[in-house]
Each structure stands twice: as C-alpha cells, then as structure tokens.
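This report looks at one protein model, beginning with a single helix and moving outward to its surroundings. Please keep the sequence and the structure in view while you read.

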Amino acid sequence: MPKPIAQQSRKNSRGAPARRKKRSVLSRELTVGCLFSAIGGFAAAFEQAGVTTLWANEKDPFAVKTFRLNFPGISCVHKPIERLSAAGDDLQPVDILTAGFPCQPFSIAGNKRGFDDERGVVFLEIIRLLGEFGQNKPKILLLENVANFRSHDEGRTFRRVQQEIQQAGYWFTAANAQILNTATHTDIPQNRARIFMVAMSCDHFARNSFRFPPEPRNPKVKSVWSFVDRRKKPGEWYYFSEESQYHRPFADAIEEFGRDSIYQLRRTYVRENKSGLCFTLMANMGEGWRPPALSSGSV
Ligand SMILES: C[S@@+](CC[C@H](N)C(=O)[O-])C[C@H]1O[C@@H](n2cnc3c(N)ncnc32)[C@H](O)[C@@H]1O
C-alpha cells in the first residue's frame, strides 16, 4: 500500500493529523491555495518547500479522492470552479494561489480553440475569484499550462491573459513566464516542458521583481529504472499478447535497441527514446492512448 504524500503521525490544532514539513527558511509561514489541484502536484511541491496548503479545488471525483488520500489534513472542495466561491466555500485567504488550468484548448495536441472552448474560459474563473478575495487577494499567482501557450492564436491568448492579470492588480509581463522542463529542473526522468507564469500583487510588491532562477548546470536526473521494480510482474493486462497487432513491432524494436530503453507507438512504427527519459505523460494515456512502454526483461 503506497504511503500518502503527506505522511501523518501527530494531530494539529484542528484535530486533523499534522503534516510533516521541512523547516521554512521564511520569516513566517506562507500559505497556498490550489485551484485545478488534480492529485496535488503543486501542493506536494509547496509542502516540501515548507509552505502550508490551506485548501484545494478540483472537479474530477477520482482526482479528489486521490488528493484526499495524499493530503488527509487538507480540505479539497469537490466542485467545478465555476461554482466555487471564496465566501460560500469558506476559502481562507492565502499568500500564493496556484492554477494549472486546463491545457487541452491551448495544446498543439488539442483543438486549439482557446478562449472559444468552454475549458479555456475557466481561466476567467481564476480572475473572478481574485476579485472575491478583494483586499485579501493572494500576493502571488502561479499559473501553469502547455509549452506553446505563449504562441497560441498568434500570441492573442497570452496577451489576453496578461491583460486580465494586470487588471486584477498584478505585475505580469512576458518576463514572468518561462518554459521549464521537468528533466532540467528536477530529478524526475520525464521530458515534460510546461510554461510557468508568476504574477505579483501590486498591493504588496513595489515593482515587478520576480525573476526565474538560472537553469541548473548539471541536472541529476534519476534513471527510469529507479522507479520500476522489474522483479515484480504486473498483471497480464499490462502486456501485449502475441495476438496483438502491437506485439511484433514492440518485440522487434526491443530486440534491436535493448531492454533498458523506453518505447512509444507512433503512427506507423515504434520509437525508442534515446535520451533515457520518459515521453511526456498525458492524461489521455490512461485511456490506452499510446502510453510509454518498458520491457519487463523478457520482451
Ligand atoms: C493540468 S491538471 C492540473 C495539475 C495540477 N496543477 C498539479 O499540481 O498537478 C488540470 C486539472 O483541472 C481539473 N479541472 C478541469 N476543469 C475544471 C473545472 N472547471 N473546475 C475544477 N477543476 C477542473 C481537471 O480535472 C484536472 O485535474
């Protein structure tokens, strides 16, 4: 049974189990609220940095269930953001607000309808909530989306986002957005480039002082195999049967390039990822759409 991300043992003042936390280097404890929280990626990162997550919001029932298992002490409001309200849902003011808002309308893999797609306009719900917090609005916004977000619709989408954020009272220019790759900035062996956008409240910061840190010179990425236990055999469901049309192309590729590579089915062939990194993991891979494939040792 995997351990929850925020492993618990003690109880806090609310009677909920206390979360283990690194000592913060900051003069007082900072707090974060996570919109579009999914299973808690941002919450986990901020916990590790010593920042307390006060609440989260997510509409997908399975993601909410997983978030609550990962963070039993944190309230995750289960409803679409369109129905979320600061007062009605008792959202306490936070220092930092995160929002990895839906990327499908902006992704090169999606329909690219942007703000013409109902999933695109949910961005405006973030702006609505900022207004609801009034004087207590977050000091910092951290937004995340697909790498091509800035060039979507010839830059019109980004300009609209910039304008909305500025009108909400935040410093935000093109310098506040940068594409970061997981394999460059973490030890996780996944090639995942995403745009991160950081806006700072004009009420709290006299100028736009945020700058992204320089890229690490020698990123120390772990091997994919440090996450996989080859001694444990997964269920048959995870394998291509010999009757499968995919069995032969994968078997041939593994025969040619070896058992330690990562493979992915492209339109007409199986591709080996030579970098040793996992291909970008997508939500729809869970529905059988070309997930990365590994060899358990015996082809
Ligand atoms: C890209 S994921 C966010 C990843 C997350 N930031 C993290 O820390 O790992 C987007 C999430 O937004 C959720 N979502 C999409 N539309 C929503 C809506 N209208 N209201 C609330 N959540 C929504 C999806 O279910 C999905 O889990």
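Which residues are exposed on the other side of α2? They are P61 and F62, where exposed describes a residue with 12 or fewer other C-beta atoms within 10 Å of its own, buried one with 20 or more, and partly exposed one in between, the C-beta atoms being placed from the backbone.

## About the model

This is a predicted model, in which local features need pLDDT of at least 70 and side-chain atom pairs count only at pLDDT 80 or more, while totals for chains, interfaces and linings use all residues. Residues are numbered from 1 along each chain as its sequence is written.

The protein has six helices and 12 strands, which are DSSP runs numbered from the N terminus (H or I, at least four residues, for helices; E, at least two, for strands). Of its 299 residues, 24% count as buried.

## The two sides of helix α2

Helix α2 spans residues 61–70, and within this helix V64, F67 and N70 are buried. These three cover an arc of only 125° around the axis, so they lie on the same side of α2; the arc is that of the directions from the helix axis to the C-beta atoms.

The buried residues of α2 pack against β4 (52–58) and β5 (75–78), and contact here means that the C-beta atoms of two residues, placed from the backbone, lie within 7 Å.

## Strand β4 and its partners

Strand β4 is mostly covered, with five of its seven residues buried. Four bridges join β3 (residues 31–35) to β4, and these two strands run parallel; strands are said to pair if DSSP finds at least two bridges between them. One bridge links V32 to its partner T53 in β4.

Towards β5, β4 is again joined by four bridges in a parallel arrangement, and A56 has C76 in β5 as its bridge partner. Together β4, α2 and β5 make a right-handed β-α-β unit, meaning that, with the strands pointing away from the viewer, the path from the first strand over the helix to the second runs clockwise. A right-handed β-α-β unit is also made by β3, α1 and β4.

## Around the ligand

The ligand is surrounded by 18 residues, of which the closest are F36, A38, G41, K59 and G100; a residue is counted if its C-beta atom, placed from the backbone, lies within 6 Å of the molecule. Both α1 (41–48) and β4 supply at least two residues each to this shell.
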